[in-house]
Amino acid sequence: MKKQICILGSTGSIGTQALDVIKQHPDRYEAYCLTANNQYMKLAEQAREFRPAAVVIANEQHYDALKALLADCPEVKVYAGAKALDEIVEAQPIDMVLTAMVGYAGLSPTIHAIKARKTICLANKETLVVAGELICQLANEYRVNILPVDSEHSAIFQSLVGEGRNEIDKILLTASGGPFRKFTLEQMRDVKAADALKHPTWDMGAKITIDSASMMNKGFEVIEAKWLFGVSADRIQVLVHPQSIVHSAVQFSDGAVKAQLGVPDMRLPIQYAFSYPDRLPLNGDRLDLFKQPLEFFEPDMQKFRCLQMAYEAINQGGNMPCIVNAANEIVNEAFRHDRCGFLQMGEIIEATMQKATFIARPTYDDYVASDAEARRIASAML
């Protein structure tokens with residue numbers, strides 16, 4: 001039986017690479033449902049090629065246009081809206097849900113998928129940043145596997161396979177350092193979105209590329225690693241590794257370090273989440289260790305204040321990571337549209353952390369309210 005896969009965010013970078021993995025293994029995988037937020041034309045193209053049972057366009061304004069584009073594909077059901085996303089992941093035939101949506105929007109459908117007992121292939125790190133404790137409780141309650149798709153967390157996961165209960169000393173989380181690794185604070189003050197979008201090693205969507213430039217992405221990955229692997233933040237060390245070849249590593253109590261290495265290609269962690277515990281053939285470049293040295297540096301927390309704030313948020317706990325995520329989504333978009341300076345992003349996030357209502361033991365409704373409040377606060381400061 002082929003595994004039926006629902007891809008939340010099929011038109012983005014992760015989604016399109018996931019479809020390539022499915023295309024390479026048509027005997028094993030089938031796209032049951034594809035979703036997008038605004039890119040209805042690309043979604044229609046994907047639907048024509050992969051013939052899923054359903055497609056969902058989150059922005060309801062594009063429903064009629066998408067429906068018209070797929071009028072001659074009656075076997076593909078067309079739905080629209082956030083509620084449709086929550087409902088489609090519960091469809092009985094689905095085996096796995098790849099959560100590749102960007103940002104806070106991925107939280108609700110992920111919760112619905114867990115409650116429907118679907119295996120979660122997690123590429124939407126904000127789900128664990130916003131509500132890590134709740135997601136882990138639900139996954140435990142419904143006995144659902146959460147398989148990491150982020151390259152770093154997949155590397156940690158792969159390094160832990162076969163280790164059983166062996167004690168983790170610390171997690172070594174690698175970061176490329178982004179395009180501004182060698183910039184001074186003064187130089188960073190004047191950078192524009194076009195500069196920040198030139199990532200040195202990875203080809204990613206705009207939002208995550210900006211987060212990588214500010215190192216907020218790495219801060220979010222620290223929070224994600226805490227929840228995925230049950231390791232406190234003070235035992236998660238960030239290493240700037242410009243070559244992006246060592247995707248992350250684990251140091252054990254005896255001092256041994258296990259790492260996963262490879263070329264910067266997201267199809268490998270996507271496929272490993274689909275096929276775990278098996279490894280399948282994958283077309284693509286192979287790592288040549290003769291080509292370049294492997295370098296590692298400590299991150300500059302003064303230059304990359306966003307990384308420090310993520311550590312502060314997880315140490316404070318409660319709804320603070322949710323507040324940081326909401327403020328970051330506001331300033332990230334503002335920076336991309338030239339309504340906010342690069343360093344100003346961190347200043348607004350920090351101010352939002354101080355102004356927003358702190359809740360030590362938040363419920364799901366508290367997360368929703370905190371997200372809305374933090375967005376209002378951050379928006380008012382632009």
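This presentation describes two groups of paired strands and several helices in a predicted model.

Let me begin with the parallel strands. Strand β5, residues 96-99, pairs with strand β6, residues 119-122, in the parallel sense, and four bridges connect them. Within this pair, threonine 99 stands opposite leucine 122 of β6. To pass from β5 to β6, the chain goes through helix α5, residues 107-115, in a right-handed β-α-β crossover.

From β6 we move on to strand β7, residues 146-148, which runs parallel to β6 and is joined to it by three bridges. Here isoleucine 120 has isoleucine 146 in β7 as its bridge partner. The connection leads through helix α6, residues 126-141, and this β-α-β crossover is right-handed.

I turn now to the open sheet. As general background, strands of a sheet pair through backbone hydrogen bonds, and they may do so in parallel or antiparallel fashion. Four strands make up this sheet, in the order β9-β8-β10-β11, with mixed pairing. At its edges lie β9, residues 236-240, and β11, residues 257-261, each of which pairs on one side only. On average, neighbouring strands of the sheet are turned by 20 degrees against each other, direction ignored.

Which strands does β10 pair with in the antiparallel sense? Strand β10, residues 246-252, runs antiparallel to β11, with five bridges between them, and β8 is joined to β10 by four bridges, also in the antiparallel sense. On the β11 side, glutamine 251 stands opposite valine 257, and serine 248 faces glutamine 260. On the β8 side, isoleucine 168 is set opposite phenylalanine 252 of β10. The strands β10 and β11 form a hairpin with four residues between them, and glycine 255 in that turn has a positive phi of about 95 degrees. Seven of the seven residues of β10 are buried, so this strand is largely enclosed by the rest of the structure.

Two helices that pack on this sheet deserve mention. Helix α7, residues 151-160, touches β8, β10 and β11, and its direction makes about 40 degrees with that of β10. Helix α11, residues 216-229, touches β8 and β9, and its direction makes about 150 degrees with that of β8.

Helix α11 also has a helical partner. Two packed helices are described by the angle between their axes and by the distance between those axes. For α10 and α11, the angle is about 90 degrees and the axes are 5 Å apart. An angle from 65 to 115 degrees counts as roughly perpendicular, and α10 and α11 are therefore roughly perpendicular to each other. The contact is made by Lys207, Ile208, Asp211, Ser212 and Ser214 from α10, together with Met216, Asn217 and Phe220 from α11.

Finally, I come to helix α13, residues 305-316. This helix has 12 residues and reaches 16 Å from its first C-alpha to its last, close to the 16 Å expected at 1.5 Å a residue. Which residues of α13 are buried? They are Cys306, Leu307, Met309, Ala310, Tyr311, Ala313 and Ile314. In an α-helix there are 3.6 residues a turn, so residues three or four places apart point the same way. The elements covering the buried residues of α13 include α10, α11 and β9, as well as α14, residues 320-336, and α15, residues 342-355. After α13 comes glycine 317, with a positive phi near 75 degrees.

Methods:
Residues numbered from 1 in each chain as written. Predicted model: local features only at pLDDT ≥ 70, side-chain atom pairs only at ≥ 80, totals over all residues. Heavy atoms only, no water. Pairing = 2+ DSSP bridges. Right-handed = clockwise from strand over helix to strand, strands pointing away. Axes fitted to C-alpha atoms, helices over the stretch in contact; angles between N-to-C directions. Contact = heavy atoms within 4.5 Å. Expected span 1.5 Å × (residues − 1). Buried < 20%, exposed > 50% of the residue type's maximum accessible area, 1.4 Å probe, protein only. Parallel < 35°, antiparallel > 145°, perpendicular 65-115°, else oblique.
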